[in-house]
Amino acid sequence: MKKSVTVVLAAGLSVCAALSTPVMAEPATSEKQAANTVQFRQALLQLVRSNMGPLGAMAKGHIAYDENVMKTNGLRIEQLSMMMTDYFATDTSGFDVETDALPKIWQNMTDFEDKVSAMTKAAEALQIAASSADEGRYRSAIGELGASCKGCHDEYKKD
Ligand code: ASC
């Protein structure tokens, strides 16, 4: 009994540590690794984009609000956001790879993490707003989520 409590506590602490430890930038060690890293980052962001698309169309009034899509896509974007700092931890700036990621990301990982955290929170808030039956809340929750995308792009994405 005592042992299992200790194990559970230890597991809980290591989860907390994993969530609160700042991600350190690690330079890529080969051009091949850098190129793979760029591909994985782009795949992650394409999935975010795919899930943002219908939400943006709803907020602009191009399609009807759909509670299920807001919940599903909000959850997916939340989950994708939780992979973001990990996939951006490899600093590819030492290699000549084609990327829109600005090198200053890797000098500002703490700020990058804060911006990603805003995205996670906005994606969570959208899932809650999706149950409100209030189109004004839908629109502002989607707007907040889009603003979190833009906040990071303005700073860290090539124009
Ligand atoms: C999207 C998308 C982005 C963001 C950004 C928000 O739908 O593909 O990159 O929203 O445009 O400002």
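Here are some questions and answers on this predicted model.

Q: How many helices and how many strands does the protein have, and in what order do the elements run?
A: Let's start with the overall layout of this predicted model. The count comes to five helices and two strands. Reading from the N terminus, the order is α-β-α-α-β-α-α.

Q: What share of the residues of the protein counts as buried?
A: The cut-off for buried is under 20% relative accessible area. The protein has 159 residues, and the share of them that counts as buried is 33%.

Q: How much of the accessible surface belongs to carbon and sulfur atoms?
A: The accessible surface of the protein is about 9800 Å² in total. The part that belongs to carbon and sulfur atoms is 57%.

Q: Among contacts between residues at least 6 apart in sequence, what percentage joins residues at least 24 apart?
A: A contact here takes heavy atoms within 4.5 Å. Start from the contacts between residues at least 6 apart in sequence, then keep those that join residues at least 24 apart: that leaves 76%.

Q: Which residues gather in the patch of negative charge on the surface?
A: Take Glu98 as a way in: its place is the loop between β2 (90-91) and α4 (109-129). Glu98 has a relative accessible area of 78%, so it counts as exposed. The negative patch on the surface brings together Glu31, Asp96, Glu98 and Asp100.

Q: Which residues make the nonpolar surface patch, and what is its area?
A: One member is Tyr87, which sits in helix α3 (residues 67-87). With 35% relative accessibility, Tyr87 is partly exposed, and a patch takes residues with over 30%, so Tyr87 clears that cut-off. Phe40, Met83 and Tyr87 together make the patch, with an area of about 280 Å².

Q: Is Thr120 buried or exposed?
A: Thr120 belongs to helix α4. Its relative accessible area is 14%, and the cut-off for buried is under 20%. So Thr120 is buried.

Q: Which residues does Thr120 touch, not counting residues up to four places away in sequence?
A: From its place in helix α4, Thr120 has several partners along the chain. Leaving out residues up to four places away in sequence, Thr120 touches Glu78, Ser81 and Met82.

Q: What is the phi of Ala133?
A: Ala133 lies in the loop between α4 and α5 (135-156). Most residues other than glycine have a negative phi. Ala133 is not a glycine, yet its phi is positive, at about 55°.

Q: What distance separates the C-alpha atoms of Ala133 and Tyr65?
A: Ala133 is exposed, with a relative accessible area of 68%. Along the chain, Ala133 and Tyr65 are 68 residues apart. In space, their C-alpha atoms are separated by 9.7 Å.

Q: How many salt bridges does a search of the whole structure find?
A: The test asks for a side-chain nitrogen of Lys or Arg within 4 Å of a carboxyl oxygen of Asp or Glu. One of the pairs that pass is Glu67 with Lys71. Across the whole structure, the search finds four.

Q: How far apart are the closest N and O atoms of Glu67 and Lys71?
A: Both residues lie in helix α3, four residues apart, which is about one turn of the helix. Glu67 is partly exposed at 36% relative accessible area, and Lys71 is partly exposed too, at 30%. They form a salt bridge, and the closest N and O atoms are apart by 3.0 Å.

Q: Which residue forms a salt bridge with Asp111?
A: Asp111 is partly exposed, with a relative accessible area of 27%. Its partner is four residues away in helix α4, about one turn of the helix, and counts as partly exposed at 22%. With the closest N and O atoms 3.0 Å apart, the partner is Lys115.

Q: What is the N to O distance in the salt bridge of Lys150 and Asp154?
A: Lys150 and Asp154 are four residues apart in helix α5, so about one helical turn separates them. Asp154 is exposed, at 51% relative accessible area. The two side chains meet in a salt bridge with an N to O distance of 2.9 Å.

Methods. Residues numbered from 1 in each chain as written. Predicted model: local features only at pLDDT ≥ 70, side-chain atom pairs only at ≥ 80, totals over all residues. Heavy atoms only, no water. Patch = residues over 30% accessible without salt bridge, like charges linked within 9 Å, V, L, I, M, F, W, Y side chains within 5 Å. Areas by Shrake-Rupley, 256 points an atom, 1.4 Å probe, with all protein chains shown as cover. Lys, Arg positive; Asp, Glu negative; His and termini not counted. Charge placed at Lys NZ, Arg CZ, Asp CG, Glu CD. Buried < 20%, exposed > 50% of the residue type's maximum accessible area, 1.4 Å probe, protein only.
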